Every structure is written in structure tokens, then in C-alpha cells.
Amino acid sequence: MVEITMLETGEKVTFYNIKETAQLLNVSVPTINRWIKANKISNSRFGNSICIAEVEIMHLQQQCMQGVNIIKDKR
């Protein structure tokens, strides 16, 4: 977990790495990587690390609670 303070607003934003995100969403690390590759989850890079903002994780949790299938491809 990394906490960043936005310079413009002073707002603190919390980011989680892929492993932490997978644990919070109760899915596997490969699933998170697949979602990132398919642009189904927004992410940020800090050096070589890929991180997901806490608000994005909360949004995904809300979608799961509402029964939205974020895994299914739109083809």
C-alpha cells in the first residue's frame, strides 16, 4: 500500500499493488493482470510497479455486489 498526496488538491490517494488488490477483491493475481491488460481496471505505474487506486478497487467491489460481470468480454 502506498499513499500519495496530490499536489494540486492536497488529497491523499491510496494505491495497492497487484497482489494486495487480488486479495481485496478475492481473485487471483493472474485475474488482475488479465483485467489490466483488457483495460477493465484502471492502474498507475510507480517505477516498475503497477498499482491500483483504492477508489478503483471500491468501484470494482460495488460492481461485484450489483452482479455486474466485469470478466466477460464485450465482443
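Two strands count as paired if DSSP finds at least two bridges between them. The legends below apply this criterion to a predicted model.

**Figure 1. Pairing of strand 2 with strand 4 in the sheet.** Strand 2 and strand 4 are joined by three bridges and pair in the antiparallel sense. Within this pairing, Phe 15 has Ala 53 of strand 4 as its bridge partner.

**Figure 2. The four-stranded open sheet.** The sheet is open and is formed by four strands in the order 1-2-4-3, with antiparallel pairing. Strand 1 (2-5) and strand 3 stand at the edges with a single partner strand each, so one side of each has no neighbour in the sheet. From one strand to the next, the twist averages 45°.

**Figure 3. The aromatic pair of Phe 15 and Phe 46.** A pair of aromatic rings is described by the distance of the centres and the angle of the planes. Ring centres must lie within 6.5 Å to form a pair, and planes over 60 degrees apart count as edge-to-face. By this rule the model contains one aromatic pair. The ring centres of Phe 15 and Phe 46 are 5.0 Å apart and the ring planes meet at 75°, so the arrangement is edge-to-face. Because Phe 15 belongs to strand 2 and Phe 46 to strand 3 (residues 44-46), the pair ties together parts that are 31 residues apart in sequence. Phe 15 counts as buried, at 9% relative accessibility, whereas Phe 46 is partly exposed, with a relative accessible area of 33%.

**Figure 4. Helix 3 and its placement on the sheet.** Helix 3 comprises 12 residues (residues 54-65), which at 1.5 Å a residue should span 16 Å; the C-alpha atoms at its ends are 17 Å apart, in agreement with that expectation. The helix lies across strand 2 and strand 4 and runs at about 60° to strand 4.

**Figure 5. Buried and exposed faces of helix 3.** The buried residues of helix 3 are Glu 56, Ile 57, Leu 60 and Gln 63. Seen down the helix axis, these buried residues fall within an arc of 120°, so they line one face of helix 3. Their packing partners are strand 2 (12-17), helix 1 (18-25) and strand 4 (49-53). On the face turned away from the buried side, helix 3 carries the exposed residues Val 55 and Met 65.

Note on methods: Residues numbered from 1 in each chain as written. Predicted model: local features only at pLDDT ≥ 70, side-chain atom pairs only at ≥ 80, totals over all residues. Heavy atoms only, no water. Helix = DSSP H or I, 4+ residues; strand = E, 2+ residues; numbered from the N terminus. Expected span 1.5 Å × (residues − 1). Buried < 20%, exposed > 50% of the residue type's maximum accessible area, 1.4 Å probe, protein only. Arc of directions from axis to C-beta. Contact = heavy atoms within 4.5 Å. Phe/Tyr/Trp six-rings, centres within 6.5 Å; stacked < 30°, edge-to-face > 60°. Axes fitted to C-alpha atoms, helices over the stretch in contact; angles between N-to-C directions.
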